[in-house]
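Trainee: I should like to work through this model with you, question by question. Please show me the sequence and the structure.

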Protein chains: 2
Amino acid sequence: MRAGPSQEEIRRHNLGALLRHVHLGGPTSRAELTSRMGLNRSTIMALTADLTAAGLVREELPRETGRAGRPSLVVRPESARVYVFALDVGVDRLVAARVGLGGTIIDRREAVRRRGPFSLEEVVGPLAAFARQMHRKTRPDTVCVGVAAAFSGGVDRGDGVVRFGPNMGSVDVPFGEEMARRLGLGLPVAVGNDANLAALAEHTRGVGVGCRDLVYLHGDVGVGGGVIVNGTLLGGHQGFGGEVGHMVVNPKGRSCGCGSLGCLEAEVGERALLEAAGRFDGSGALVGRDAVRAVVDAADRGDIVAQAALSRVGDWLGLGVANLANIFNPEMVVFGGMLREVYLGSAAQVRSRLATDALPPVREHLRLRTSALGDDATLVGAAELAFAQVLADPLEVLARAGS
Amino acid sequence: MRAGPSQEEIRRHNLGALLRHVHLGGPTSRAELTSRMGLNRSTIMALTADLTAAGLVREELPRETGRAGRPSLVVRPESARVYVFALDVGVDRLVAARVGLGGTIIDRREAVRRRGPFSLEEVVGPLAAFARQMHRKTRPDTVCVGVAAAFSGGVDRGDGVVRFGPNMGSVDVPFGEEMARRLGLGLPVAVGNDANLAALAEHTRGVGVGCRDLVYLHGDVGVGGGVIVNGTLLGGHQGFGGEVGHMVVNPKGRSCGCGSLGCLEAEVGERALLEAAGRFDGSGALVGRDAVRAVVDAADRGDIVAQAALSRVGDWLGLGVANLANIFNPEMVVFGGMLREVYLGSAAQVRSRLATDALPPVREHLRLRTSALGDDATLVGAAELAFAQVLADPLEVLARAGS
């Protein structure tokens, strides 16, 4: 019930909207921006001039035009000059990347992680080292406008602290604060749940572009989720929204790391699949994405045990999807992380459950898809989180970064 | 990524915001509106003058002020002049009410319904008759600005058609269109799912005021739901969002009207409770809210069978709430309809399940509450839906209604 925006707010909004256009859509002609944004040509010119002066975009002649007459200038994001650091703290790996405006991954470093409880230092140390290495390679005229991390755990929106992460042994870890201190860039580190950020990534740059209601399911060791409701990521009261992996689907089922029984994660997670396929090695040596792929490949080759394992897991996955379809009435459900492989290996079971358990008008229009960004979805989502500030207020952020 | 609003859009937004203030908050002084809306005094004066000229509000001296000096004029909604018709199609009843701007129920009519499949005429006929009776009693200077109905079923947002309603035997019923035709007021009839609208009502005028993330569970014969996500009702792709009653919680459980097994509705709905309490009469005579209350009363008086029934149902209800808490991370869960009684009779079981199955940081801040609007929640929600147009564009709607 706030009053309408001031002229200054409108200008800020328009600058952000134009920058977002070229950030997500790539180089765009002034004429196209004029028609897409519903503003007149002189306003677009003025906005572009402001963004150009700030070094966020540049204008140039298009390579070629099929038309006669003076071609419309193309507005292009300054990808080489303006960048963010995107970090990804997964169960099995640590990734740091330098991502240019427009979403180009310019540079990246990755390290394998040992599973199990960890000290903050074991995560922060390598990531800070990666960032320093990449920072040293940048030209002097480049500017870092944000840092964000995807974390495999529940992140409190209030203070960026990781409140839970059953698969990483982490409780109340002040990851963002410590990461910012160690980077020493004078920038805060925004932290988001990895599945939430992957959902955002698929929505803005992946299979869910243009889709306003989307449920993304992310399989790592556990199962996370991110939900886009009417174009916006569901956060909930504290930012823990979308923990669909801890929806109980089988109350007499397998124990879950969270202490409950029969959570979706317990029934369709990596361990559930590997155990059902008789491939769970107590030593923990044979785990991860490769182990999951091996089950799907074996089933493809006719291995009956692997087929039964996928069928069982696919049945629970389908039940979970049906529940989420009834709850959210999404346009699309996206399977990411190792659930991509699981879904591809058990699509028939998933669809069969959906036919039984989802309300007919809800399932009729529902599209099931696999992640388009693959293993980079979490990293791309972190980059988008890092760019959020500059897109909300382009000039302010750049003035601060330049000072 | 649209451009910022025009001056005309800002004025419309501000008119709507001011009207919404007095519609939801009641008579408010100009001074208070100035500070709450963050606009200057002259803008508030101009907006109030427009709304007064349109007959939507009037200004008057406050009854008394504790202060010296000229008191600030109070802006009051024209509740006696501007009204909507709110309709409620429940499983056991039909209600029509004339509701004044500001939310006052001025007049109402109610009829008992027989359960089971129905013809469109059996619903539309009585409601149209009620509306005519109430319309005849209005003064000539009154104006109807909207009509909306809460319907116990899944309503397609696209065309207002009721696509499913397992408890009413309805499939693809063009209720809104037929209702509008029969009313003959020249106004469309907006139709919403009853639990969705009750959630909206509790959010705007009930126990959930000020709460941006809320899950509302509605017990009728079945179980419906409405979810407020960041201040807005979750609709989903087609408007079927919030069908939490068809979340499967017990995959080997009781059959549900939807064809599935162990839906929340099947485990905690009226029939589940009455059967568990040995009080389900196959003839269908002993059903409804009174039958549910009788079980809770019996348990209070020490009836062991009734206590066990409530305990069983409360356990499933708690599991459902835990799942929804993990999925939505809401600030509040509200129990309405007959689930109000069920929750009051089984709060210990619900909380115990929550302690086991909801993630600790999610449950720590979660408040469980019962509906503040009681049986009127659906009707109040329908009234708010009917007022939505006039609040979005006060002058346009009034000009149309007056023509």
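Trainee: What percentage of the interface residues of chain B are also interface residues in chain A?
Mentor: This is a predicted model, in which local features need pLDDT of at least 70 and side-chain atom pairs count only at pLDDT 80 or more, while totals for chains, interfaces and linings use all residues. Residues are numbered from 1 along each chain as its sequence is written, and chains are lettered from A and ligands numbered from 1 in the order in which they are written. The copies meet through the same surface, because the shared portion of the interface residues of chain B is 96%.

Trainee: By what turn can chain B be laid on chain A?
Mentor: The superposition is by least squares on the C-alpha atoms of residues with pLDDT of at least 70 in both copies. It gives an RMSD of 0.0 Å with a shift of 0.0 Å along the axis, and the turn is 180°. The two copies are thus related as by a two-fold rotation axis.

Trainee: In chain B, which C-alpha is nearest the axis?
Mentor: The distance of this C-alpha from the axis is 2.8 Å. The residue that carries it is Val249(B).

Trainee: Which strands stand at the edges of the open sheet 13-12-11-14-15 of chain B?
Mentor: Strands are DSSP runs of E with at least two residues, and helices are runs of H or I with at least four, both numbered from the N terminus. Two strands pair if DSSP finds at least two bridges between them, and the pairing in this sheet of 5 strands is mixed. An edge strand has a single partner strand, so one side of it is left without a neighbour in the sheet; these are strand 13 and strand 15 (367-370) of chain B.

Trainee: Which residue in strand 13 of chain B stands opposite Val229(B)?
Mentor: Strand 12 and strand 13 of chain B run antiparallel and are joined by 2 bridges. The residue opposite Val229(B) is Thr232(B).

Trainee: Is Asn230(B) buried or partly exposed?
Mentor: Asn230(B) lies in the loop between strand 12 (223-229) and strand 13 (232-233) of chain B, and has a positive phi of about 50°. Most residues other than glycine have a negative phi. A residue is buried if 20 or more other C-beta atoms, placed from the backbone, lie within 10 Å of its own, exposed if 12 or fewer, and partly exposed in between. Because 16 other C-beta atoms lie within 10 Å, Asn230(B) is partly exposed.

Trainee: Is Asn329(A) buried or exposed?
Mentor: Asn329(A) is in the loop between helix 10 (304-328) and strand 14 (332-337) of chain A, and its phi is also positive, near 45°. With 28 other C-beta atoms within 10 Å, Asn329(A) is buried.

Trainee: In which order do the strands of the open sheet with edge strands 6 and 10 of chain B run?
Mentor: Strand 6 (104-112) and strand 10 (189-193) of chain B each have a single partner strand. The pairing among the 5 strands is mixed, and the order is 6-5-4-7-10.

Trainee: Which residue is the bridge partner of Asp88(B) in strand 5 of chain B?
Mentor: Strand 4 (residues 82-89) and strand 5 (residues 93-100) of chain B run antiparallel, joined by 7 bridges. The partner of Asp88(B) is Val95(B).

Trainee: How far does helix 1 of chain A reach from its first C-alpha to its last?
Mentor: Helix 1 (residues 7-25) of chain A has 19 residues. The expected span is 1.5 Å times one less than the number of residues. That expectation is 27 Å, and close to it is the computed reach of 26 Å.

Note on methods:
Two residues are in contact if their C-beta atoms, placed from the backbone, lie within 7 Å.
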